[in-house]
Amino acid sequence: MPLLGGIRPPIAVLCLLVVALAGLTAKVLGPSGDPVVPEAVLTSQQHFAEDGAIALRASIDERVTDLQRTTAALNKGERSEPEDVLSDLGKTYQKWTGTTVLDLESGDVLAARGERIPLAWLDKDVLTGEHALTPRMVRLETGDVRLMTMAVLDWRDGPQQLLIASNSLTVPNVTMGPFRTMSVVARDGEVLATAGFEESEALNSDTQRAELTFLQKQMSQFADQAATRAEVHPVSAKEPGARGYPGVSGTLLGDDYNGRITTAGYASLAPSDPEEKDSVAAGLGLTVVAMLPVVQQQDAADTGRELYGLIAAGALIVLGLLAAAVLWAAVQRPLLRLFLESRRLARGDLTRPVSVPRWGEAARIGSALEHIRIQLDGSGEAAGAKSGKVRLGVRVPLAVTAVLLLLWCVPVGLLLNRTDGSVSVPATMVNDQRDRTDLVADRVRRALNEAQADLVSTSRLIDAGDPDTTEGLLTDAVREHTRYQALYVVDDTGKVVARAGGDAHDWSDDKDLPLIRVSGKGGRKPVVQAGAAVPGGKGTTLVGEIRVEFLNSLLKRPGLGEVRVVNADVETLAASDGFLAFEGLPDAALPGLVRAGNVPVGAGPVENGLLIRDGGSVTVAAAAPFSGGGVAADLGWTVVSWQNAKHFQIAAFEREDRSVLAGLLGLAAIVVCLGWVYLVVVRPLRALATSAEKLADGDLKSVHYPRYQDEVGAIVRSLELLRQQLQARRQNQARRSAEQQLGAGGR
């Protein structure tokens, strides 16, 4: 009989699984070994660096794109003087530190605005070849690094001119909190720009200056490490199948100083779409590093937790041994006894009675074997094969085994290490939720400002008296600017003169209304409109409808939960997940948080963070009203975000998850092992009991075939041999009776 068949393997596997699960339980539910910095805090720094990298990449690409689009639009029109070109460029986009127009033939400077742009870096390789006019970083005499963007002004009547605009590679203008520092790092680890460090002269003590020196050294070390790690391909830097940030990102852990340990997140600049190849910023090799000193997590001498783990493991061992003992006593031992008895009868040993088990299918089979033995022996009158006693089936010990193991799985999975509303959430998580929400608000505000600025730039090319040409221009603009779902020109009466894209909506020329408006109440989604007056159009306005899907895409950030944009009446205009147009916020505390953030404090409204404890759940929420410059700053809109603290990798939640995992593993062991026993032993044993009783009652026609090469299969083979013996005995008895009748008739 094979060693891997029958009742022994599932019982052995159950014992091994119980021992393994007990060891795992003692390890994960025992001594904490919690890190000095919660994983949630490190992950939050990584997300913060990713947000900074996205903001920097979008800012650089937008500046390059704006310069190229402006140049392309100028080339289509009449020739303009260099001074006028720079003047109009500065009025439309206030984003370049310096601009210059050169004559490409002579190299003379025709016009310049802002800081002086050095020209020593301009050569033949920059202006010709495969990488001609590619933006590049140039170091100024002051040591600062600028990104130089170039475009050619090429009118039909006149020589070509080169337009150069310089950008400062500064840290994105985001709220970083009182202790965070952010830097922009080059490929070689050089820190190009930093924000967040205080000036040493502004510090009041030598201790503060020493801490500042320590933090600056830590940032230099983090910059070198981040630049080295950012050289790895983004695909190989992630886990197989992982998604999320398209570039290389991660976390770093530094040294401690005065009870605080430095943590950092880094993220390389990458295109929003991994398959996108035309991102200028992504090709510069820049990396954003966000550093934050956090208070070290104190290792509390929690001996009770270690004791809980040992008690849980010991209880599992005891219950597992009891479960294995039940299976051994109620299933394995009677089955092996029946195997031996059936083999003895099949070999012809009919001298002693069959040892009949006390209950279950084994008792039914034993009674049938005893009945067959009596029939074969012919020593007496055979009793009925079925006993009048009510016997419990073999499924009962399986149920008892499952109950014994469930006595451990259910309390561990549902009761042990459960968290409630009093769980401690690091203050860093609330601060990061607030600061990241403010970063998203700044990103949305800048996107709306850019949309309106693009309309201003496009409106200068519109000829209100030529609708056909205007529609062609609008069609090209809709194709180039994916943020718009429709562009149309309306006159002073509100009539649509030219249109491209989707359907036009009403636009009023009331000067008291803002240039960015929202309408569409009662519809499926809000209608966000931005307008720009057409120069010389006498009330004519270029209106662009911004796609809500574009705004939604700006809100989707990992680790931030659900994010929404609401108006002054706390009505939803855009969301990272699905939403109903102009619906309210789901939590009763969120509208108050939004209104509190819009209360002017000092220079204006400020962002707020809140930890909401409601019953057994803990929610981290934040609200950041629009602030800063541009036409979108006065809309009264607010970005609000919230997420359940259970999503944080905090020690308390991790212990709860481990307890649930241990309970589920125990449940899986029950299903696998007891299901194995039921399929391989119990079902064939019940069928065998029925077949044995039929054979004992005289059914000699049914042939018995073994399904498995195990104990039950061996008993079935013996039963078939007994059937053949009974059949032969009956045939012999019939032959003798016939011979006796023939002899009596002859006399």
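## Two helices that cross

Let's start with a pair of helices: helix 10 and helix 12 cross in a right-handed way. This comes from a predicted model. Helix 10 covers residues 427-459, while helix 12 covers residues 548-555. Their axes lie 9 Å apart, and the packing angle is about 150 degrees. Angles over 145 degrees count as roughly antiparallel, and the two helices are therefore roughly antiparallel to each other.

Which residues meet here? From helix 10 come Val-440, Arg-443, Val-444, Ala-447 and Leu-448, and they meet Phe-550, Leu-551, Leu-554 and Leu-555 of helix 12. Sorted by character, the residues of this contact are 8 nonpolar, no polar and 1 charged.

## The sheet beside helix 10

Helix 10 also lies across strands 11, 13, 14 and 15, and runs at about 40 degrees to strand 14. These strands belong to an open sheet of 5 strands, paired antiparallel in the order 12-11-15-14-13. Strand 12 (496-501) and strand 13 (516-519) each have a single partner strand, so one side of each has no neighbour in the sheet. On average, neighbouring strands are turned by 20 degrees against each other, direction ignored.

Within the sheet, strand 11 (residues 484-490) is joined to strand 15 by 6 bridges. Here you can find Tyr-488 opposite Val-543 in strand 15.

## A look at Thr-540

Thr-540 sits in the loop between strand 14 (527-533) and strand 15 (541-546). Is Thr-540 buried or exposed? Its relative accessibility is 8%, so Thr-540 counts as buried. Beyond its neighbours within four places in sequence, Thr-540 contacts Ala-464, Val-489, Val-490, Asp-491, Ala-533 and Val-534.

Technical notes: Residues are numbered from 1 along each chain as its sequence is written. This is a predicted model: local features need pLDDT of at least 70, side-chain atom pairs count only at pLDDT 80 or more; totals for chains, interfaces and linings use all residues. Side-chain values use heavy atoms; hydrogens and water are left out. Helices (H or I, at least four residues) and strands (E, at least two) are DSSP runs, numbered from the N terminus. Buried means under 20% relative accessible area, exposed over 50%, partly exposed in between (1.4 Å probe, protein chains only). Contact means heavy atoms within 4.5 Å. Two strands pair if DSSP finds at least two bridges between them. Axes are lines fitted to C-alpha atoms, for helices over the stretch in contact, and angles run from 0 to 180 degrees between N-to-C directions. Angles under 35 degrees count as roughly parallel, over 145 as roughly antiparallel, 65 to 115 as roughly perpendicular and the rest as oblique. A crossing is left-handed if the near helix is turned anticlockwise from the far one by less than a right angle, and right-handed if clockwise. Ala, Val, Leu, Ile, Met, Phe, Trp, Tyr, Cys and Pro count as nonpolar, Asp, Glu, Lys and Arg as charged, and the others, Gly among them, as polar.
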